[in-house]
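Good morning, colleagues. Please take a moment to look at the sequence and the model on the screen, after which I shall discuss one helix and then a group of aromatic rings.

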Amino acid sequence: MSSHFKEMATDAKRPKIDDEKCVLDPLRNFLLWCDAVKLTLSDKVYLSKEGTAAEYGMLAKEDIEEGHVLFSIPREVLLHHGTTKVKKVLEEGKTSLESASGWVPLLLGLLYEYTCPQSHWKPYLSLWPDFRTLDQPMFWSEEERDKLLKGTGIPEAVQTDLKKLQDEYNNIVLPFMKSHPDLWDPEKHTLELYKSLVAFVMAYSFQEPVEDEDEEEKEPNPPMMVPMADMLNHVSKHNANLEYTPECLKMVSVRRIEKGEEVFNTYAQMANWQLLHMYGFTELFPTNSNDTADIQMSSVYKAAVQAAQSEADQRLLVDKWKMLCEMEIVGEKGVFIFGQSGSLTYSELYTTLKVLCMPLQDFEEFCENEGWEEDEEDDDDQMEQALSFDGLMGLSAAWKCLLHAAAAATLDSYSEDVEVDRKRLEDQGALAELSSRERRALHVRYGQKSILQRLQQLTKPTS
C-alpha cells in the first residue's frame with residue numbers, strides 16, 4: 001500500500017474499480033471512484049497521508065484565495081438511509097426503527113453497504129478496512145478511562161453511549177435484521193461491528209443544518225456520510241467550511257490558504273472533551289479557543305448549604321433549590337459551563353446565584369410572583385458581563401464564595417492535581433514518553449483545569 005499520493009490526475013479515465021486494487025491502494029482507488037461519480041476536486045489541493053494532522057488530510061498545492069471551491073459533492077454520492085441499496089426496506093420499517101439517537105436507519109444501511117462486495121460505496125468505505133484508526137474513549141478499557149479521564153465528564157458519557165447502543169442493537173436492530181435474513185446476518189452484522197459503525201458515524205458523519213427558522217422545536221436532520229468532506233481534519237481556527245446547496249455540498253475556503261498548508265474544516269465549536277469523546281482526538285493546549293469546563297449545578301447548591309449559618313438557612317436553601325428546579329433553571333444532573341472568557345450559561349448561573357443568596361423576604365416575594373416582575377429582570381448583557389472573567393471581581397462576596405467553593409470541589413474531582421498536569425505539559429521529555437491516549441487525556445484535563453483554576457483565583461475571598 002502506498003504511503004501517500006501527492007496528486008490526482010484531473011483527467012483520469014474511469015476504469016472499473018477492482019477488489020485487488022482496492023485492497024492494495026485504497027486512497028488511489030477512492031480518488032478514481034470520486035472521478036467516476038463526478039465528485040470534483042480542485043487542482044489546487046490534494047489528499048495525503050503525510051504532513052497532515054491525522055491519518056488522512058488535505059493539503060494546498062498552491063496558494064488558494066478566499067471563496068475557492070475546494071471540492072463539490074453531488075447529493076446522490078452522499079451515503080444515508082435514503083441512498084443506500086436497502087432504502088426501500090428501511091422506509092417500509094421506518095416506525096420500528098425509531099430510537100433516541102435517530103441513527104438506526106443510517107447504521108443499518110452502513111451494516112449492509114460495509115459488508116457488501118458490490119456496494120456502490122465500497123471504494124469509499126474501504127478507506128476504513130477495520131476501523132482500528134478510530135480511538136474514541138469508547139474503545140478504551142473502563143480502567144483506562146477512569147484513570148486518565150476522571151473528572152472530565154467523558155467516562156460518564158461513554159458509559160451512557162455504550163448502554164444505549166447495546167440496547168439499541170438488541171431491541172431494535174437485531175429484531176429488524178432477523179426479519180430480513182436476505183439482507184442482514186447477525187453472525188456477520190454483530191454488536192462489535194455495530195459499535196465500530198457507531199464510532200464511525202460519531203467521528204465522520206455530517207448533519208445538514210435545519211433551515212426552517214419558524215420551527216425552533218424541529219428535530220435535527222439525521223446524520224449522513226459525506227465522502228471527501230470527512231477526509232478533512234478539524235481545528236477551531238479553520239480555513240474551510242462545508243456549504244449545502246440543493247444540488248450538491250461544497251467545501252469552500254473561508255480565508256487565504258498558503259501553499260503547503262493543511263486544509264481544515266470545523267466540526268462546530270467543540271471543547272477538547274467533546275472532540276475526544278466524539279472524534280478521538282484533541283487540539284493541543286492552549287490552541288483550542290472553544291475549550292470549556294463544567295461545574296455541576298448541584299456543586300453550587302452544596303457550596304451554599306455548607307456556607308449556611310444555621311439550620312433555618314439550610315431549610316430555606318432546600319426551598320430555594322426546589323423552586324429553581326421547578327422553574328427548570330437547574331437540574332440535579334445539569335452543569336454550568338465556563339469557557340475561556342467566563343460563564344457560557346450565564347443566565348442560569350446568574351439566576352441561581354441570585355436566588356440562593358437572596359434574603360428570606362425577597363425569596364418569599366419571588367415565590368409569590370413566580371419569578372421576577374418583568375421590570376426587575378436583569379438583561380442578558382448585564383448577566384453575561386457580570387459572570388465574565390473580567391466582571392467576576394465586581395460580584396458580591398456571597399456570590400464569589402459559592403463560585404470559589406464550587407470550582408474547588410470540581411478541581412478536587414480529578415485524579416491528578418492541576419500543578420502535576422501543568423508540569424507534565426511543560427516537560428517536553430516527559431510529554432514524549434506518554435502514550436497517545438495519555439497525551440490526549442492530558443490536554444483535555446489541563447484545558448478544563450486551567451479554566452477552573454482561573455475561576456477559583458478570580459473569586460478568591462479578599463482578606
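**Helix H6 and an aromatic cluster**

In helix H6, which spans residues 142-149, the buried residues are Arg145, Leu148 and Leu149. Viewed down the axis of H6, these buried residues fall within an arc of 85 degrees, and they therefore line one face of the helix. I should state at this point that the model is a predicted one.

What do the buried residues of H6 pack against? Their partners are helix H7 (154-178), helix H9 (272-279) and helix H18 (436-458). On the face of H6 turned away from the buried side, we find the exposed residues Glu143 and Lys147. After H6 comes glycine 151, which has a positive phi, near 90 degrees.

I turn now to the aromatic residues. The count of aromatic pairs comes to 18. One of them joins phenylalanine 200 and tyrosine 204; this pair is tilted, with 5.5 Å centre to centre and 50 degrees between the planes.

How many residues apart are phenylalanine 200 and tyrosine 204 in helix H8? They are four apart in H8 (residues 191-204), and so about one helical turn separates them.

Are these two residues buried or exposed? Phenylalanine 200 counts as buried because its relative accessibility is 0%. Tyrosine 204 has a relative accessible area of 18% and is buried as well, since the cut-off for buried is under 20%.

Finally, Phe200 and Tyr204 belong to a cluster linked by ring pairs, together with Phe30, Trp33, Tyr114, Tyr124, Trp128 and Phe131. Thank you for your attention.

Note on methods: Residues are numbered from 1 along each chain as its sequence is written. This is a predicted model: local features need pLDDT of at least 70, side-chain atom pairs count only at pLDDT 80 or more; totals for chains, interfaces and linings use all residues. Side-chain values use heavy atoms; hydrogens and water are left out. Rings of Phe, Tyr and Trp (its six-membered ring) pair if their centres lie within 6.5 Å; planes under 30 degrees apart count as stacked, over 60 as edge-to-face and the rest as tilted. Helices (H or I, at least four residues) and strands (E, at least two) are DSSP runs, numbered from the N terminus. Buried means under 20% relative accessible area, exposed over 50%, partly exposed in between (1.4 Å probe, protein chains only). The arc is that of the directions from the helix axis to the C-beta atoms. Contact means heavy atoms within 4.5 Å.
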